[in-house]
Amino acid sequence: MFLATLALAAAKLSTPEAAVAAIYAPYRSAQMELSAWERPIYTASLRTLIARWRAVTPTDELDDLSDFDWLCQCQDWDASSLRPRVIRAVPLGAGRREVTVTLSSRRPPLRFVLSQVGSQWLIDDMIAPSFAKGLRAALVKTIAADIALRKSRP
């Protein structure tokens with residue numbers, strides 16, 4: 001069942017707009033199976049950075065990136081209030097787009113840098129209120145903070 005879900009998600013990532021729809025499809029359900037960082041929607045280089053972060057994330061407390069959902073920029077969501085809509089797509093070169101998405105009229109827009117990998121469009125970075133310099137920069141900063149915290153403990 002899980003592999004079938006991943007295959008379906010992959011098929012839905014064939015255009016930037018379809019990728020955005022697939023990214024937010026699980027939010028229509030009350031039961032999200034995977035955390036935002038566990039989902040197969042990121043480029044390999046971003047997945048590597050996420051794995052590095054997960055390897056140093058404290059087990060006994062939350063860090064700056066583990067206390068909220070990155071994609072909805074929230075801790076809890078109401079499925080009826082999240083209505084993702086692509087409002088702008090700007091080419092950044094071959095196989096790259098910056099896609100601006102609104103989730104509702106009350107939330108600030110999010111910007112995704114999507115990269116085409118084969119026939120799929122995957123998240124390569126994300127600019128949002130919780131990481132104004134981008135998800136990549138936030139991961140690097142949080143990894144450093146988590147490592148420093150680990151070293152400061154006896």
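**Figure 1. Arg136 at the edge of burial in a predicted model.** Buried means under 20% relative accessible area, exposed means over 50%, and partly exposed lies in between. The structure shown is a predicted model. Arg136 has a relative accessible area of 23%, so this residue counts as partly exposed. Its side chain meets that of Asp124 in a salt bridge, 2.7 Å from N to O. Arg136 belongs to helix H4 and Asp124 to strand S4, so the pair ties together parts that are twelve residues apart in sequence.

**Figure 2. The whole chain.** Four helices and four strands make up the fold's elements. From the N terminus on, they run α-α-α-β-β-β-β-α. A box of roughly 50 × 35 × 35 Å, taken along the principal axes, holds the C-alpha atoms. For 154 residues, a compact globule would have a radius of gyration near 15 Å. The chain has 16 Å, which agrees. Buried residues account for 40% of the 154 residues. Among contacts with a separation of 6 or more, 53% come from residues 24 or more positions apart. The chain exposes about 8600 Å², and carbon and sulfur atoms supply 55% of that area.

**Figure 3. Helix H3 and its buried face.** Helix H3 covers residues 44–56. At 1.5 Å a residue, its 13 residues should span 18 Å. The end C-alpha atoms lie 19 Å apart, which agrees. Which residues of H3 are buried? They are Leu46, Leu49, Ile50, Trp53 and Val56. Seen down the axis of H3, these buried residues fall within an arc of 130°, so they line one face of the helix. An α-helix has 3.6 residues a turn, so residues three or four places apart point the same way. The buried residues of H3 pack against strand S4 (120–127) and helix H4 (135–152).

**Figure 4. Asp124 and Arg96, a salt bridge between strands.** A search of the whole structure finds three salt bridges. One of them joins the side chains of Asp124 and Arg96, at 3.0 Å from N to O. Asp124 sits in strand S4 and Arg96 in strand S2 (residues 96–102), so the pair ties together parts that are 28 residues apart in sequence. Is Asp124 buried or exposed? Asp124 is buried, because its relative accessible area is 13%. Arg96 stands at 30% relative accessibility, so Arg96 is partly exposed.

**Figure 5. Glu98 and Arg111, a second view of strand S2.** Side chains of opposite charge can pair when their charged atoms come close. Arg111 forms a salt bridge with Glu98, and their closest N and O atoms are 3.1 Å apart. Arg111 lies in strand S3 (residues 110–117) and Glu98 in strand S2, so the pair ties together parts that are 13 residues apart in sequence. Glu98 has a relative accessible area of 18%, so Glu98 is buried. Arg111 reaches 35%, so Arg111 is partly exposed.

**Figure 6. A network around Asp124.** Which residues do shared salt-bridge partners join into one network? Arg136 and Asp124 meet at 2.7 Å, N to O. Salt bridges that share partners join Arg96, Asp124 and Arg136 into one network. Asp124 pairs with Arg96 and also with Arg136. Within this network, Asp124 is buried, whereas Arg96 is partly exposed and Arg136 is partly exposed. Strand S4, home of Asp124, is also packed against by the buried residues of H3. Helix H4, home of Arg136, is packed against by those buried residues too.

Notes: Residues numbered from 1 in each chain as written. Predicted model: local features only at pLDDT ≥ 70, side-chain atom pairs only at ≥ 80, totals over all residues. Heavy atoms only, no water. Helix = DSSP H or I, 4+ residues; strand = E, 2+ residues; numbered from the N terminus. Expected span 1.5 Å × (residues − 1). Buried < 20%, exposed > 50% of the residue type's maximum accessible area, 1.4 Å probe, protein only. Arc of directions from axis to C-beta. Contact = heavy atoms within 4.5 Å. Salt bridge = Lys/Arg side-chain N within 4 Å of Asp/Glu carboxyl O. Rg over C-alpha atoms; globule rule 2.2 N^0.38 Å. Areas by Shrake-Rupley, 256 points an atom, 1.4 Å probe, with all protein chains shown as cover.
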